[in-house]
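Me: I'd like a close look at one part of this model, the helix packing and whatever sits around it. Take your time and keep it chatty.

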Amino acid sequence: MEIITAVRGFKDILPGEAVKWHFVEQTARTIFSSFGFREIRLPLLEKTELFKRGIGEATDIVEKEMYTFLDKGDEYLTMRPEATAGVIRAYIEHSLFAADPVVKLFTMGPMFRRERPQKGRYRQFHQIDAEVLGSDDPQTDAELIFMLVHLLHTLGLMSLKLEINSLGCRDCRPAFRTAITEFLSGKEGELCGDCQRRLHTNPLRVFDCKVKECQQVLASAPRLLDFLCDACRDHFEEVQGTLTLYGTPFSVNSRMVRGLDYYTRTTFELTTESLGAQNAVVGGGRFDGLVKDLGGPEIAGIGFAIGMERLVSMLALADDGLDQRPLLYIAALGDGAKKKSGLICNRLRIKGIYAEIDYSGKSLKSQMKRADKLGCRYTLIVGDREMDEQIAELRDMRSSSQIKISFDKIEDYVINIAKEN
RNA sequence: GUGGGUGUAGCUCAGCUGGUUAGAGUGCCGGGUUGUGGCCCCGGAGGUCGAGGGUUCAAAUCCCUUCACUCACCCCA
């Protein structure tokens, strides 16, 4: 029989890995809750229109990367390629803005984009996403970034580079867009093929280009930051001032642009050297027009998305470092002993003790081997002899010392050991 | 969508310019101790050599096609 494999770009997260994911998720939940963020769980499937309007019709994501299908012939649905659009949709749909002027939300789960898989890029990938709705204060920006950096430090990731930029608002950005388009039009011939295309679709993205020639052309190009209106300039300066006050190191990268249309003003990115080409571990920014664009009131927002696969792959934890090891292994020899052992084992388990047992009926030697391999602290041996006397042998696997213990005292004894360990 | 690299045991890999029953390490199972783990020793199971076609007396090895994985472009978390 031919085996059926997973879909291209869709990965299984095996138990050894899953432990790391759990650690990251737990840490995030704890930190988010002390900053006042509450979890929201959202559908994976949304109406296609949501992403077209939210992310932008001309973006690569919407143009060629979405998993979209016609549902029963009457409606286009899309597997969410990112989380923010869904969060805002729910925020508007349930009028969360009416209950509280500032709403802080987080969510985590799978996203889907149909790209060619490579290191750090999969077709199903996972994000941890946090958003603040209802505040356009620059301190909110700084606070969100501060929390994010704190989370990454707590996870042991100290060497990520934080870059920030301001994209301006809907008042000042068009002027820059015009200026850069004019500037580049004169030099179209000097740009790479991709950039000549970008010039017409999304000129700001030329800044992202890795081709040397393009970067040379850009050296004398107008700078986004010089085009900011007074309000945006003040805003950006206060973001920087607050980050400095909080002791969060950053650098301003005036060439950093984002791939989603909804971003305004503050944008930021955390990158690593250790991941190859897909070096962005976190991306985020302000989206002050998005709520209104999606049919809600005029409410400001800012958020970020952490790439889980990229983050987890940087974790220095040993594979088994977080794996639980049984406190007790029960080696049972013979049918009567197996039944008795199963009862003991499961009674311990419901007391919260991780005990392991083998029903295979293998030799004591092979059961001992297994106990050792699992890293058990103690092994309880129950055979015919023990059944006759109603007394089991308890072996300490570290010291190799062994004591006899009567059946009716095992449970209390092991519970006591558990308290000490 | 475009390029490059790689596909041999569960895992990591060796296999020279084609040559006989395709190997190692590790893991798994068993034995050395008829009821005692780790270290050591011995044995065993496990492979359509990614798939299909071609060249040849002979193909894991050479050629073609195809698929998968992977890295990079692109894109982004």
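How is chain A divided into domains?

Reply: Chain A is split into domain 1 (15–172 + 228–314) and domain 2 (328–415), with bounds that come from an automatic or database domain assignment. The C-alpha centres of the two domains are 51 Å apart.

Some ground rules before zooming in. This is a predicted model, where local features need pLDDT of at least 70 and side-chain atom pairs count only at pLDDT 80 or more, while totals for chains, interfaces and linings use all residues. Residues are numbered from 1 along each chain as its sequence is written, chains are lettered from A and ligands numbered from 1 in the order in which they are written, and side-chain values use heavy atoms, leaving out hydrogens and water.

Let's begin with the largest nonpolar core, which has 46 residues. A nonpolar core here is a set of buried Ala, Val, Leu, Ile, Met, Phe, Trp, Tyr and Cys residues joined through side-chain atoms within 4.5 Å. Buried means under 20% relative accessible area, exposed over 50%, and partly exposed in between (1.4 Å probe, protein chains only). The residues with the most contacts inside that core are Phe32, Phe37, Met147, Phe268, Phe304 and Leu311. Helix H6 (residues 138–154) is the top contributor, giving 8 residues to this core. Helices (H or I, at least four residues) and strands (E, at least two) are DSSP runs, numbered from the N terminus. Apart from this core there's another one of 44 residues, including Leu42, Tyr91, Leu133 and Leu260.

Met147 is a good spot to park the view. Setting aside neighbours within four places in sequence, Met147 is in contact (heavy atoms within 4.5 Å) with Ile31, Phe32, Phe35, Phe37, Ala130 and Phe304.

Now for the packing itself. Two packed helices are described by the angle between their axes and the distance between the axes. The axes are lines fitted to C-alpha atoms, for helices over the stretch in contact, and angles run from 0 to 180 degrees between N-to-C directions. Helix H1 (residues 15–34) crosses H6 at roughly 145 degrees, with the axes coming within 10 Å. The crossing of H1 and H6 is right-handed, where right-handed means that the near helix is turned clockwise from the far one by less than a right angle, and left-handed means anticlockwise. Thr27, Ala28, Ile31 and Phe32 on the H1 side meet Met147, His150, Leu151 and Thr154 on the H6 side.

H6 has another packing partner in helix H10 (residues 230–245): their axes come within 8 Å and cross at roughly 40 degrees. That crossing angle makes H6 oblique to H10, since angles under 35 degrees count as roughly parallel, over 145 as roughly antiparallel, 65 to 115 as roughly perpendicular and the rest as oblique. H6 and H10 also cross in a right-handed way. In this pair Pro138, Gln139, Asp141, Ala142 and Ile145 of H6 meet His235, Glu238, Val239, Thr242 and Leu243 of H10.

Over to another helix pair. Helix H13 (residues 335–349) packs with helix H16 (residues 407–420) at an angle of about 25 degrees, with the axes 10 Å apart. At that angle, H13 is roughly parallel to H16, and their crossing is right-handed. Here Lys340, Ile344, Arg347 and Leu348 of H13 meet Phe407, Ile410, Glu411 and Val414 of H16. Glu411 deserves a pause: this H16 residue is buried, at 19% relative accessible area. Not counting residues up to four places away in sequence, Glu411 touches Arg347, Leu348 and Lys351.

Two loop residues are worth a glance too. Gln390, in the loop between helix H15 (384–389) and strand S15 (391–396), has a positive phi of about 60 degrees although it isn't a glycine. Ser400, in the loop between S15 and strand S16 (402–406), has a positive phi of about 60 degrees as well, and it isn't a glycine either. Gln390 is partly exposed, at 40% relative accessible area, and Ser400 is partly exposed at 43%.

Last stop is a pair of strand residues. His126, in strand S6 (residues 124–133), is buried, with a relative accessible area of 14%. Beyond residues up to four places away in sequence, His126 touches Ile13, Trp21, Gly109, Pro110, Ile306, Gly307, Met308 and Glu309. Met79, in strand S4 (residues 75–79), is partly exposed at 25%, and outside its neighbours within four places in sequence, Met79 is in contact with Leu44, Leu45, Tyr67 and Phe112.
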